[in-house]
Amino acid sequence: MYYFPLQPPYFLLLVGFLTALTSGLALSGTLKVIVQNWPSERAEKTQPRSSLKQLLVPFIGITGGTCLFLSSGLEIFGFPSMLALGVGLPISLFTCLLVWLQLGSMMTFIEREGMQSLDLDSFS
């Protein structure tokens, strides 16, 4: 017997998308503030891990929104709720973990080498 939900979770899809979008804007603003404060904090020798702590809450919002969006999208296409969550949760968590690790390594690299090290157009 097939189970098709009477009401597809369009509302949850929208909530997940808006959560990820607003958290992404918050992450972007926080990251800009952190990068702008780096020259004044160079004398204090702050660790890059302390700036990553400021980015944790918006990043968790992005992860949760992405998981909700992906799981709801799978449910709309006919996946059962538990299967959609079972597929959406590991994919979104694994992807967000990889992005978090890359963000941390890029921030460490920029603090060590400077912002000019990311300029791909220069050959010096």
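**Conventions.** Contact denotes heavy atoms within 4.5 Å. The model is predicted, and local features are therefore reported only at pLDDT of at least 70 and side-chain atom pairs only at pLDDT 80 or more, whereas totals for chains, interfaces and linings use all residues. Residues are numbered from 1 along each chain as its sequence is written, and side-chain values use heavy atoms, with hydrogens and water left out.

**View 1. Overall architecture of the chain.** The secondary structure comprises four helices and zero strands (DSSP runs numbered from the N terminus: H or I of at least four residues for helices, E of at least two for strands). Read from the N terminus, the order of elements is α-α-α-α. Of the 124 residues in the chain, 27% are buried (relative accessible area under 20%; exposed is over 50% and partly exposed lies in between, with a 1.4 Å probe and protein chains only). Among contacts with a separation of 6 or more, 75% join residues 24 or more positions apart.

**View 2. The largest nonpolar core.** Twelve residues form this core: L27, I34, W38, L52, L55, F59, I62, C96, W100, L103, M107 and I110 (a set of buried Ala, Val, Leu, Ile, Met, Phe, Trp, Tyr and Cys joined through side-chain atoms within 4.5 Å). At least two residues of the core come from each of helix 1, helix 3 and helix 4. Helix 4 makes the greatest contribution, with five residues.

**View 3. Helix 3 and the residue that follows it.** Helix 3 spans residues 56-76. Its 21 residues extend over 30 Å from the first C-alpha to the last, close to the 30 Å expected at 1.5 Å a residue (the expected span being 1.5 Å times one less than the number of residues). The buried positions of helix 3 are P58, F59, G61, I62, T63, G65, C67, S71, S72, G73, L74 and E75. Of these, F59 and I62 also belong to the largest nonpolar core. After helix 3 comes G78, which has a positive phi, near 105°.

**View 4. The surroundings of S71.** S71 is located in helix 3. With a relative accessible area of 6%, S71 is buried. When residues up to four places away in sequence are not counted, S71 touches A84, L85, G88 and L89. Two of these partners, A84 and G88, are themselves buried in helix 4.

**View 5. The surroundings of S72.** S72, likewise part of helix 3, has a relative accessible area of 1% and is buried. Apart from residues up to four places away in sequence, the residues that S72 touches are P9, L12 and L13. S72 and L14 are separated by 58 residues in sequence, yet their C-alpha atoms are 9.0 Å apart.

**View 6. Helix 4 and its buried positions.** Helix 4 covers residues 81-113. From its first C-alpha to its last, this helix of 33 residues reaches 47 Å, close to the 48 Å expected at 1.5 Å a residue. Buried positions in helix 4 are A84, G88, S92, C96, W100, L103, G104, M107, I110 and E111. An α-helix has 3.6 residues a turn, so residues three or four places apart point the same way. Of the buried positions, C96, W100, L103, M107 and I110 are also listed in the largest nonpolar core. Helix 4 is followed by G114, for which phi is positive, near 95°.

**View 7. L118 in the segment after helix 4.** L118 is situated in the segment that follows helix 4. L118 is partly exposed, at a relative accessible area of 32%. Once neighbours within four places in sequence are set aside, L118 is in contact with M106, F109 and I110. The last of these, I110, is buried in helix 4 and forms part of the largest nonpolar core. M106 lies 12 residues from L118 along the chain, and the C-alpha atoms of the two are 9.4 Å apart.
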